[in-house]
Amino acid sequence: MTTTDSSSDHAGLRLAAAEPELLAGSIRSAGLKVTAPRLAVLRALTDRPHSNADALFGLVHAGLPGTSLQAVYGVLASFTTAGLVRKIEPAGSPALFERRVGDNHHHIVCTRCNVVHDVDCAVGHAPCLTPADALGFDVRAAEVIYWGLCSSCQAATSNP
Ligand SMILES: [Zn+2]
Ligand SMILES: [Zn+2]
């Protein structure tokens, strides 16, 4: 009924295109100019979906020491605006970013260790864009976040 941890990894495999030419192609097709920081951020996001800006900065800075945290924020903002990257904002957590866009998938978050996984629609097919009453809105996206304890945290809390 609920998802398993493996659901997030399928998306990772599908997006495992970390070759520089492929990354550059994605950036160009989003209508953006290819720059070294943009390439580095997109590569980091390919490796680590659901990362926050600080974590991405750590990854990018390791390979591109001239990059500032501010520059990483700028890249993420342009990627998000261009639709290349999706921003998710679980309550109480900094914004997280991922490359899996356009399918309106949901997220499941562990309340103990904060691990985040992708979840496809629980019932029916994605995207879940049909509220009981849309109140006249032209609905473009729906966001569901499931909260709970991941399997490792359940194991840790039952065997202290
Ligand atoms: Zn956990
Ligand atoms: Zn996701």
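**Helix packing, nonpolar core and a cysteine cluster**

Helix α2 (residues 20-29) and helix α3 (residues 36-47) have axes that come within 10 Å of each other and cross at roughly 105°. The two helices, α2 and α3, are therefore roughly perpendicular to each other. On the α2 side, the contact is built from P20, L23, A24, S26 and I27, and these meet R38, L39, L42 and R43 of α3. Sorted by class, the contact of α2 with α3 holds 6 nonpolar, 1 polar and 2 charged residues. As with everything described here, this packing is read from a predicted model.

A second partner of α3 is helix α5, and the axes of this pair are 10 Å apart, with a packing angle of about 75°. That angle makes α3 roughly perpendicular to α5. Here P37, R38 and V41 of α3 meet A71, V72, V75 and L76 of α5. The contact of α3 with α5 comprises 6 nonpolar residues, no polar ones and 1 charged residue. R38 of α3 thus appears in the contact with α2 and again in the contact with α5.

It helps to step back to the whole chain for a moment. The chain contains 6 helices and 6 strands, and from the N terminus on its elements follow the order α-α-α-β-α-α-β-β-β-β-β-α. Of the 160 residues in the chain, 22% are buried. Contacts between residues at least 6 apart in sequence include many that reach further along the chain: 52% of them join residues at least 24 apart.

Where do the nonpolar residues come together? In soluble globular proteins, nonpolar side chains tend to be buried together. In this model, the largest nonpolar core has 24 residues, and V41, L45, L56, V60, V72 and L76 are those with the most contacts inside it. At least two residues of this core come from each of α2, α3, α4 (53-63), α5 (69-82), β3 (96-98), β4 and β5 (116-119). Helix α3 supplies the largest share, 6 residues. Two of the well-connected core residues, V72 and L76, also belong to the α5 side of the contact with α3, and V41 lies on the α3 side of that contact.

L56 offers a good view of this core from within helix α4. L56 counts as buried because 26 C-beta neighbours lie inside 10 Å, where 20 or more are required. Leaving aside residues up to four places away in sequence, L56 touches V41, A44, L45, S51, V72 and F97. Among these partners, V41, L45 and V72 are, like L56, listed with the most contacts inside the core. L56 and R43 are 13 residues apart along the chain, and their C-alpha atoms are separated by 9.6 Å.

Another part of the chain carries an annotation. The unreviewed UniProt entry places the feature "binding site" at C110, C113, C150 and C153. These positions span 44 residues in sequence, yet no two of their C-alpha atoms are more than 8.1 Å apart, so they gather at one spot. C110 is placed in strand β4 (residues 106-110), while C153 is placed in helix α6 (residues 151-158). Are these two cysteines buried or exposed? C110 counts as partly exposed, with 17 C-beta neighbours inside 10 Å, and C153 is also partly exposed, with 16 other C-beta atoms within 10 Å. Apart from residues up to four places away in sequence, C110 touches V115, G148, L149, C150 and C153. On the same basis, C153 touches C110, R112 and C113.

Two residues stand out for their backbone geometry. Most residues other than glycine have a negative phi. N114 is not a glycine, although its phi is positive, at about 70°. This residue, N114, sits in the loop between β4 and β5 and counts as partly exposed, with 14 C-beta neighbours inside 10 Å. L135 likewise is not a glycine and has a positive phi, in this case of about 55°. L135 is found in the loop between β5 and β6 (145-148). With 6 other C-beta atoms within 10 Å, L135 is exposed.

Terms used: Residues numbered from 1 in each chain as written. Chains lettered and ligands numbered in written order. Predicted model: local features only at pLDDT ≥ 70, side-chain atom pairs only at ≥ 80, totals over all residues. UniProt positions renumbered as here; feature names shortened; annotations may be inferred. Helix = DSSP H or I, 4+ residues; strand = E, 2+ residues; numbered from the N terminus. Buried ≥ 20, exposed ≤ 12 C-beta atoms within 10 Å, placed from the backbone. Contact = placed C-beta atoms within 7 Å. Axes fitted to C-alpha atoms, helices over the stretch in contact; angles between N-to-C directions. Parallel < 35°, antiparallel > 145°, perpendicular 65-115°, else oblique. Nonpolar A, V, L, I, M, F, W, Y, C, P; charged D, E, K, R; others polar. Core = buried A, V, L, I, M, F, W, Y, C linked by C-beta atoms within 7 Å.
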